[in-house]
Amino acid sequence: MPYDPNVTPAYQTFESPYPRFALAALPSPLDRAERLEHSLRAEGCARVPRIYLKRDDLLSLALGGNKIRNLEFLIGHALAQGATDIITAGRVQSNHCRLTAAACARAGLRAHLIFTGARPAIAMGNYLLDGLFGAKTYFTGSDDRTSRAPWIDLFIESLPDFGRRPYLIPVGGSDARGAVGHALAVQELALQFDAIGERLTTIALATATGGTQAGMLAGLRKLGSDACVRGFAVAKAADDLAIDVLAIANEVAAAIGGPAVMARDVAVDGAFLGAGYGIPSTAGATAIQMLARTEGVLADPVYTGKGFAGFLALVRSGTCSPNEAVVFIHTGGAPALFADLAAPL
Ligand SMILES: *Cc1c(COP(=O)(O)O)cnc(C)c1O
């Protein structure tokens, strides 16, 4: 359907089925990236759409990021259950762990963060902030992510002996409850688009656990939008991730009473993963530079740099129409710029 500014989509708006603990002022900003558009045209790209950045990196808690939206519902649930301690896990530069630590500070909860690998000699980036927020940090000593499960079990089993009530938040906060935050995020975006007379057609983002992509897909279908969500995988193979996205999306769909999400609606592109999760890529570094130099916006080497590299490739491929408006979801991550990640960034 071509864009018609006189037709306002009749969105079926919805509310969260879960209690929310407010962590950020909403909505996050939506910014047009005209200098970026200009730069793409200047390099000879013929079909440049209107490009918008949804600035979830500016969500107003502890340097921002998409995980704040998950945490509003996960912390909301923990508090409703009378929890005293939150347990979660990740890699040492996890944005999710940093934001869980900050959210726990705000909610008066104790955060236990379980990391793969060895404790770094010097605290940098997200890990430095974890300590600042008062989180307890533990290292399994193994780089294998399955090494975290026995630690998690130990905490869940032993904390009650000390009169504490543990609540487990899954990696990335990406259960259906957390991902509902992203169904609401896409509704927020749809209403912002409405207000400026734009129609949602294509959304792009970095995808890791898949919760953000899944929540957005379920949210769009619930709204009655057929816009596509193109995820650029940064943590694992695209095929495996697509299965996760579909499963979470359908759990979210059930929770918000929306239509089922179809496998054909799940678009995960694995071409920008590079050498693997947390390993900076040349394409990602180039994309980070381009965003910084055209818009003064910071992306990170682990997530948004690779996601943005995918987004730039999508625009350069000429498949977007110059008459459409596309959105890159800026999911945050800039604290990792201040960590000792290996070259190229
Ligand atoms: C976690 C994260 C993502 C990916 O979100 P998922 O819901 O795990 O797919 C993208 N960007 C940043 C900065 C993140 O921290």
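Here a biologist and a modeller talk through the pockets, the cavity and the ligand of this predicted model.

Biologist: Let's start with the largest pocket. How do you know that it lies between domain 1 (30–65 + 175–338) and domain 2 (67–173)?

Modeller: Both domains give residues to its lining, so the largest pocket lies between them. Its volume is about 470 Å³. The lining has 20 residues, and Arg 91, Val 92, Gln 93, Thr 116 and Leu 341 lie nearest the centre.

Biologist: What is the make-up of that lining, by nonpolar, polar and charged residues?

Modeller: It divides into 12 nonpolar, five polar and three charged residues.

Biologist: And where does the second largest pocket lie with respect to the two domains?

Modeller: Between them again, because domain 1 and domain 2 both contribute to its lining. The volume here is about 400 Å³. Arg 145, Val 171, Gly 172, Ala 208 and Thr 209 are the closest to the centre among the 21 lining residues. Strand 3 (85–90), helix 3 (95–107) and helix 8 (238–256) each supply at least two residues. By class, this lining has eight nonpolar, seven polar and six charged residues.

Biologist: Now the enclosed space. What makes the largest cavity a cavity and not a pocket?

Modeller: A 1.4 Å probe fits inside a cavity but cannot get out, whereas a pocket is open. The search finds one cavity of 30 Å³ or more, and the largest cavity has a volume of about 150 Å³. Of its 18 lining residues, Asn 66, Lys 67, Ala 206, Ala 208 and Thr 212 are closest to the centre.

Biologist: Which helix gives the largest share of the lining of this cavity?

Modeller: Helix 7, with three residues. The lining as a whole divides into three nonpolar, 14 polar and one charged, and each of the two domains provides at least three residues.

Biologist: On to the ligand. What makes the pair formed by Thr 212 and the ligand a polar contact?

Modeller: The cut-off is 3.5 Å between N or O atoms. An N or O atom in the side chain of Thr 212 is 2.7 Å from an oxygen atom of the ligand, so the pair qualifies under that cut-off. A polar side-chain atom of Asn 95 lies 2.9 Å from a ligand oxygen, and a polar backbone atom of Gly 211 is 3.4 Å from one.

Biologist: How much of the ligand's accessible area does the protein cover?

Modeller: The cover is 98% of the 370 Å² that the ligand has on its own. There are 15 residues around the ligand, and Lys 67, Ala 208, Thr 209, Thr 212 and Thr 331 come nearest.

Definitions and conventions: Residues are numbered from 1 along each chain as its sequence is written. This is a predicted model: local features need pLDDT of at least 70, side-chain atom pairs count only at pLDDT 80 or more; totals for chains, interfaces and linings use all residues. Side-chain values use heavy atoms; hydrogens and water are left out. On a 1 Å grid over the protein atoms alone, a cavity is a set of points where a 1.4 Å probe fits but cannot get out, and a pocket is an open set with protein on both sides within 12 Å along at least five of seven lines; lining residues have an atom within 4 Å of a point. Grid points are joined across faces, edges and corners, and a volume is the space filled by probe spheres set on the points. Ala, Val, Leu, Ile, Met, Phe, Trp, Tyr, Cys and Pro count as nonpolar, Asp, Glu, Lys and Arg as charged, and the others, Gly among them, as polar. Domain bounds come from an automatic or database domain assignment. Helices (H or I, at least four residues) and strands (E, at least two) are DSSP runs, numbered from the N terminus. A residue is near a molecule or strand if one of its heavy atoms lies within 4 Å of it. A polar contact is a pair of N or O atoms within 3.5 Å; within protein, one must be able to donate a hydrogen and the other to accept it, and residues adjacent in sequence count only if both atoms are side-chain atoms. Accessible areas come from the Shrake-Rupley method with a 1.4 Å probe; for residues, only the protein chains shown count as cover.
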